[in-house]
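Reader: Please show me the sequence and the structure. I have some questions about how the parts fit together.

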Amino acid sequence: MPTKAPISSVNDFVVRFANVNGSGSASANELFARSVLRMGIPVAPRNIFPSNIQGLPTWYEVRISEAGHLGARGGTDLMVAMNPQTWDKDVASIEPGGYLLYDSTKPLPPSKFRDDIHVIGVPLTAICNREYTDPRQRQLFKNIIYVGALSALLDMDVSAIEKLISEQFKGKEKLFDANKHALHLGRDWATLNLECPIGLRLKPCDKVGDRIFIEGNSAAALGAVYGGATVCAWYPITPSSSLADAFTSYCRRLRVDPETKQNKFAIVQAEDELASIGMVIGAAWNGARAFTATSGPGVSLMQEFLGLAYFAEIPAVLFDVQRAGPSTGMPTRTQQCDVISCAYASHGDTKHVLLFPEDPAEAFEFGAQAFDLADRLQTPIFVMLDLDIGMNHRLCRPLKWDDSRKYDRGKVMTAADLDAGKEFGRYLDVDGDGIPYRTYPGTHPSKGSFFTRGTSRDRYARYTEEGAPYADNMQRLLRKIETAKNLVPRPIRKNADKPTRYGVIYYGSTSPAMNEAIHMIEAKGRPLDMLRIRAFPFHQDVPDFIADHDYVFVVEQNRDAQLRSLIVNECGIDPVRLIPILHYDGTPITARFIAREIADDLEALKVTPLRKVVS
Amino acid sequence: MTYIAKPKFHHPSLPKNALGYTHRDYEGKISTLCAGCGHDSITASIIEACFELAIEPHRVAKISGIGCSSKTPDYFLNASHGFNSVHGRMPSVLTGANLANRDLIYLGVSGDGDTASIGLGQFAHCMRRGVNMVYIVENNGVYGLTKGQFSATADRGSKSKRGVVNADAHIDLVAMALQLGATFVARSFSGDKEQLVPLIKAAIEHEGAALIDVISPCVAFNNHLGSTKSFDYVREHNEAVNRLDFITGRAPITVAYEAGSVEMVEQHDGSRLVLKKVAADYDAHDRIGAMTFLQQHAAKGQIVTGLLYVDKDPEDLHAHFNTVAAPLNVLSEKELSPGSAALEKINASLR
């Protein structure tokens, strides 16, 4: 008899599947997550996968939260342990009083279990061997069978699962029947042989609403389609490849001329990242909206070109789906570790615009907006996703598009403008916002042509190595960055109910965990004002927010507090007032982690102030 | 020197082409290269070719990398947009530009350092993709701007100005382009304008990936005894397989050619190439034969020049991508945004 009472919870627990990569578990696990969603209960699934095609351990974690918490929580309430390689660690990671579902075909010694968890054995292999002769079927259906068993154990609505299977195998009746059969094999076995349901239960509710379930990479790709991108050049790299793949499939659906069957897009899988950014720059120079999708190592390879694009003022959009570095680091694990390398990418004095979407809905919005910003500012724009947003399905508000929306193509002089006698100087700051006018190649037979170069030139694009025109140009580029501050998405501030001396700054994929942590911190009687940064260069709201507080926590998923450094550097903030909260082991940051760290720090601040606060 | 402006006036009786432009309309700024540089002769040939073809100068996009050769786009076609990009990366910038607007003429200018060393990868990939362009390599076997280091096209055994013997095997860009699927491959010599101008004209009209490797002696660092890229050496070892005449459109052929020595190649746009055979057994439509011929002659120390290979039915990248006829850069939100109704459907499929 277990020494710990079983965890009892309705619609609020974490199920983790431990599988072997390439065993076909992914679709069964996703089926489970989607079924919960169909019951009206919010879920947040996360893939924890290796850089491998077959054989290495992989996990799929499903956080179920009627309250709507979509961040990783930490800990496992129910472990579906299907991988002998990771058995010991998997069993050890179960919360006391939690549950272990395993394949009981072969007996395991008692030492392989814990006495404070509840063990549920289902003879999956035996059921499969009895039912199927084909080895591949035995493997694949084992996954569906455990989903069937779970449906009984967790008291799930089986019709929701069947409906999903029927949608998945629409038009393929045989496959539907086979999967449905396997589902019921597991469900019936569990109903007959086990005590169902267990302490963890799913009860239909109505907390999903009209929200959609989509991966950030797909949403960003869709943003690029709606934003008018016509040229995509990319090189495969985890975790960004699925963004280019999604762009390709959406274009095939949405961007083929219905009459001529010709494509209103061009997608090149380039030979490397240097070529992909080169193609983006060439296309953007020539007036098309162009982008690349990459990750940190790709951004490193693009450095030289990014300096050229900054200095030659070429619009370019980069989706950086961040992963743990440096070098190849942990290619399949998440981090927010490219903030500085993107903000100051390249040699010489540079500054680039970064956008930080918090979820797929914002990845879509920023994905489209990035092209307007690139054209308006004539400079590279980075959309900073990460693996956690990019490669996991996330529940988010439906995507919206206003049909009256016009693309902002920025300051482009046309043949008519030139004929009308408008003065053209490629690097002339006519409007005082640091942004000059450009012409597309081929515009006019005798006016408006210019030579684009990375080397110094005067306001009329004439080569010069004189110091004064160089400095003049560099100053104008700074004015342009000033202009950008008010064009990029503004930070979002949320004040605590009570006045407080403390604030917290966060960004990107940290959002759901932070939104959950704030309640935990407040429950301890510690109100915190929040500021979610959505872009760099920073809006005036950022230094203002810091000025309003004695201390501000900066929560990030990297080792070196990169955003904090950027704030210190760009806003001239005393570093002592910005307290870093850092999570960088490759797993997504959790609410529990943030709440604990901030509570500890607040305690320390209370006892020994780091310095006297001057008001 | 570029700070010296070229005088704008010209002789009123300068000949005009079909568009009413004179040579002067195809010129650029004054060259800053060394006096006698082979590259300036290539610039002159480009100007001549564009003038004779009566191309609207602003319909050309000239793109280069970094190096002496890559400076030259500033010295021709003043009315064209030019892009002096980064070292070895002209092919990717040109590819992107070409994708954005298929209606312009893309002229990529590069050197042997830019193409055969740092840019070898991009060179190879733009050739195998069949980007519709003219890719001119101004090949002098040496790094000029950094004062005379060997480049990767320098022949094994050739001597640098300081007397160092090159021990590394050379890279033959023409051989590579043939292997990589380029549909127009030629080699010429900057000192032979008669050969070069028609080649440039034919390459511009060719609707696919065209490479012209132009041996272009560096008077400052690679024009000495022991060099295999000097004026004297190239003149002595030049083996032209054919001479080319280029005829625009369907104009009647007025020149009388000796029977049997001439081949007429009709291009897609109706223009014709008149190939005057010099080497009787040379077939410019036989890719494998061309590769063999090149290797055999290279082994004898000969530099094979002329139109080495041309595909009469080239396909380009846009054909592979099945892109719309209109340039991608003119498509507006009306053509590009699928609209809110389509998005609603997508939302519905994600629940």
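The questions below go through a sheet, a helix and a loose segment.

Author: This is a predicted model, where local features need pLDDT of at least 70, side-chain atom pairs count only at pLDDT 80 or more, and totals for chains, interfaces and linings use all residues. Residues are numbered from 1 along each chain as its sequence is written, while chains are lettered from A and ligands numbered from 1 in the order in which they are written.

Reader: Which strands stand at the edges of the open sheet of 9 strands?

Author: Strands are DSSP runs of E, at least two residues, numbered from the N terminus. Two strands pair if DSSP finds at least two bridges between them. Each edge strand has a single partner, so one side is left without a neighbour in the sheet. The edges are β17 (451-453) of chain A and β9 (238-240) of chain B.

Reader: Which residue of β3(B) stands opposite B:Ile63?

Author: Strand β1 (residues 60-64) and strand β3 (residues 105-111), both of chain B, pair in the parallel sense. They do so over 5 bridges. Opposite B:Ile63 stands B:Gly108.

Reader: Is B:Pro12 buried or exposed?

Author: B:Pro12 is found in the segment before α1 (38-53) of chain B. A residue is buried if 20 or more other C-beta atoms, placed from the backbone, lie within 10 Å of its own, exposed if 12 or fewer, and partly exposed in between. B:Pro12 has 6 other C-beta atoms within 10 Å, so B:Pro12 is exposed.

Reader: What distance separates the C-alpha atoms of B:Pro12 and B:Ser69?

Author: Along the chain, B:Pro12 and B:Ser69 are 57 residues apart. Their C-alpha atoms are separated by 32 Å.

Key
Helix = DSSP H or I, 4+ residues; strand = E, 2+ residues; numbered from the N terminus.
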